[in-house]
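You asked for comments on the model before you take it further. Please read them next to the coordinates.

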Amino acid sequence: VCLLLTTFLIITSNMKLSFPTFLAAALVSCAHAVKPRVRMTPKSAGKAGKASAPAASGVSGALYTMTNQPENEILVYSRDVSHGQLTFSQSVSTNGSGSTIAGNSGPPTNIALPPIPAIDPLTSQSAILVAGNCLLNVNAGSDEVSTFKIIDSTEIQFAGVFGSGGLFPVSIAERDGLVYVLNAGGNGSIQGYTLSQFNCGLRSIGDPVVMDQGGGLSSDASTPFNPPFGVASPAQIGFIDDGHLLVTVKALGGGQNYPLPGVGGLVVFDIHPTTGMATYPTITEITGRPGSAPFSFDFDHEGRLLLVEVFGEGFQGDPSMGFTPAAGSGGLSVWEFDGKGTFTEVSMTSTTQFLTCWLEYIPQNHCVYTSNSGSLSAFNVDGGADELVDSTAATDLSGPLDLVASPDGNFLYVLSPDVFGIPGHTGQPQVVVYETSGDCHLTQVQAIEDGLETEEARRAAADGVLNGVLGIAVWGP
């Protein structure tokens, strides 16, 4: 969603667009049975075909991201806990396929789009997840979830691949061995599992709970489709502290409702305390800012919901007459949960930056960091609301996506895909490492390219297909 809309914001500065024209500009810019593929294929995948030089010495953890290519792989980095630096270790097959949302690989309607880069492939957060000594990832192209046993800071071992219970899985949540997967394709659905720490296997819980995301664009309002229309699809799944399950939906009812009426939703599922099964749900509608596109979330030290909205003040106007974002910038909103299924908004603060999509909360310094189209913003939420500390806490990034903090809160890791086709971008992804501070400011420590192949190399290896890298998770102290 976020980087797909970059061109839209450039073009719509001081002008209005019809909805079809907006879509074209916006998109330009920015489960089955277990398969018998139980193999691990570690290999060198760095720019020079080998692992990077060792980082500074210290206790090691690990960081993971994924290629999301047709033959999807997890990239493994050892992580120096003391200094934050990364060293590329290996790439391991997920035995599943990555994919990309509608609009990257082709529009779901007859709207003509030129060839475009894969910028924001799944329009989601938490596509990779560490749960104890297990690693889980989504394979959106094969409707599966892969699991791995974490051996140490340099090695993971493939455990299995499992049907996601729906179409186009994009996000994973886990708590105390209970796992839920969010499927964004079709009408959308969630599927529950139990996770074994012994072998990192998944066992499904009941049937999927199907959502109601309707159709695609206005020309196809009745037929759900797959891949989903990214600016309206479900974005993230996660557990609330009291055990409920939360899903964010950018536009309730599907793409035919975006940008107007463009009502986003906080969809809360009850979870049975014994069986772990989910029941469908209570929905808090985000009104008053149509098309704001609620995206990623976390919870702060007092249990308040921290929610990123791509367009913090929504849209104004009418698609048939032309419309513009009310402010053009993303926002961070804070919400209180009543324990029964309903959220009440406390505050909304603009990042003053374009296209805010991902966030990470660090409890040690009570800081929230958001990824924008070309920067990171920093907020402090210690006072019960969201105080913008620095709208451009980091600017040395090329289209940042997912971000994650080290468990001790001392370092922040950001995936920066550097998509070719955007002016000044080369197509060489990086993971950028920052040291955090008590006042929420950031200092860059490292920008590592090792293990992340260029767009040109990925296209060549996949017969011209490029889905785009995504997902990030850490393991260890």
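The numbered points below cover the pocket, the disulfides, the sheets and two backbone angles.

1. Status of the model. The structure is a predicted model, and the points that follow should be read with that in mind.

2. Largest pocket. The volume of the largest pocket is about 980 Å³. Its lining consists of 33 residues, and those nearest the centre are S126, L129, D298, E360 and V404. Sorted by class, the lining residues of the largest pocket are 20 nonpolar, seven polar and six charged.

3. Where the pocket lining comes from. Which elements give two or more residues to the lining of the largest pocket? They are β4 (128-131), β8 (169-175), β12 (234-239), β16 (294-299), β22 (358-362), β26 (403-405) and β30 (470-475). Two of these elements return below: β8 is an edge strand of one open sheet, and β26 is an edge strand of another.

4. First disulfide. The structure contains two disulfides. One is formed by C134 and C200, with 2.1 Å between the sulfur atoms. The torsion about its S-S bond is about -85 degrees, so this disulfide is left-handed. C134 belongs to strand β5 (residues 134-139), while C200 sits in the loop between β10 (189-195) and β11 (202-210); the bond therefore ties together parts that are 66 residues apart in sequence. Both C134 and C200 are buried.

5. Second disulfide. C367 and C440 are also joined by a disulfide, with an S to S distance of 1.8 Å. This link is left-handed too, at -80 degrees about the S-S bond. It connects distant parts of the chain, since C367 is in strand β23 (residues 367-371) and C440 is in the loop between β28 (430-435) and β29 (443-448), 73 residues apart. C367 has a relative accessible area of 0% and is buried. C440 is likewise buried, at 0% relative accessibility.

6. Sheet β8 to β11. Four strands make an open sheet in the order β8-β9-β10-β11, and their pairing is antiparallel. β8 and β11 are the edge strands, each pairing on one side only. On average, neighbouring strands of this sheet are turned by 20 degrees against each other, direction ignored. Between β8 and strand β9 (residues 178-183) there are six bridges in the antiparallel sense. Within this pairing, S171 has L182 in β9 as its bridge partner.

7. Sheet β26 to β29. Another open sheet of four strands has the order β26-β27-β28-β29, again with antiparallel pairing. Its edge strands are β26 and β29, and each pairs on one side only. The twist from one strand to the next averages 20 degrees. Strand β27 (residues 411-416) is joined to β28 by six bridges, and the two run antiparallel. S416 has Q430 in β28 as its bridge partner.

8. Strand β20 and its partners. Is strand β20 (residues 329-337) mostly covered or mostly uncovered? It is mostly covered, with eight of its nine residues buried. Strand β17 (residues 305-309) runs antiparallel to β20 and is joined to it by five bridges. β20 also pairs with strand β21 (residues 343-354) over eight bridges, again in the antiparallel sense. W335 takes part on both sides: it is the bridge partner of L305, and it stands opposite E345 in β21. Five residues lie between the strands in the hairpin of β20 and β21, where G339 has a positive phi near 80 degrees.

9. Positive phi outside glycine. Most residues other than glycine have a negative phi. N68 has a positive phi near 65 degrees and is not a glycine. It is located in the loop between β1 (60-66) and β2 (73-80), and N68 is buried, with a relative accessible area of 0%. D143 is another non-glycine residue with a positive phi, at about 55 degrees. D143 is in the loop between β5 and β6 (144-152). Its relative accessible area is 12%, and D143 counts as buried because the limit is under 20%.

Terms used:
Residues are numbered from 1 along each chain as its sequence is written. This is a predicted model: local features need pLDDT of at least 70, side-chain atom pairs count only at pLDDT 80 or more; totals for chains, interfaces and linings use all residues. Side-chain values use heavy atoms; hydrogens and water are left out. On a 1 Å grid over the protein atoms alone, a cavity is a set of points where a 1.4 Å probe fits but cannot get out, and a pocket is an open set with protein on both sides within 12 Å along at least five of seven lines; lining residues have an atom within 4 Å of a point. Grid points are joined across faces, edges and corners, and a volume is the space filled by probe spheres set on the points. Ala, Val, Leu, Ile, Met, Phe, Trp, Tyr, Cys and Pro count as nonpolar, Asp, Glu, Lys and Arg as charged, and the others, Gly among them, as polar. A disulfide is a pair of cysteine sulfur atoms within 2.5 Å. Buried means under 20% relative accessible area, exposed over 50%, partly exposed in between (1.4 Å probe, protein chains only). Two strands pair if DSSP finds at least two bridges between them. Axes are lines fitted to C-alpha atoms, for helices over the stretch in contact, and angles run from 0 to 180 degrees between N-to-C directions.
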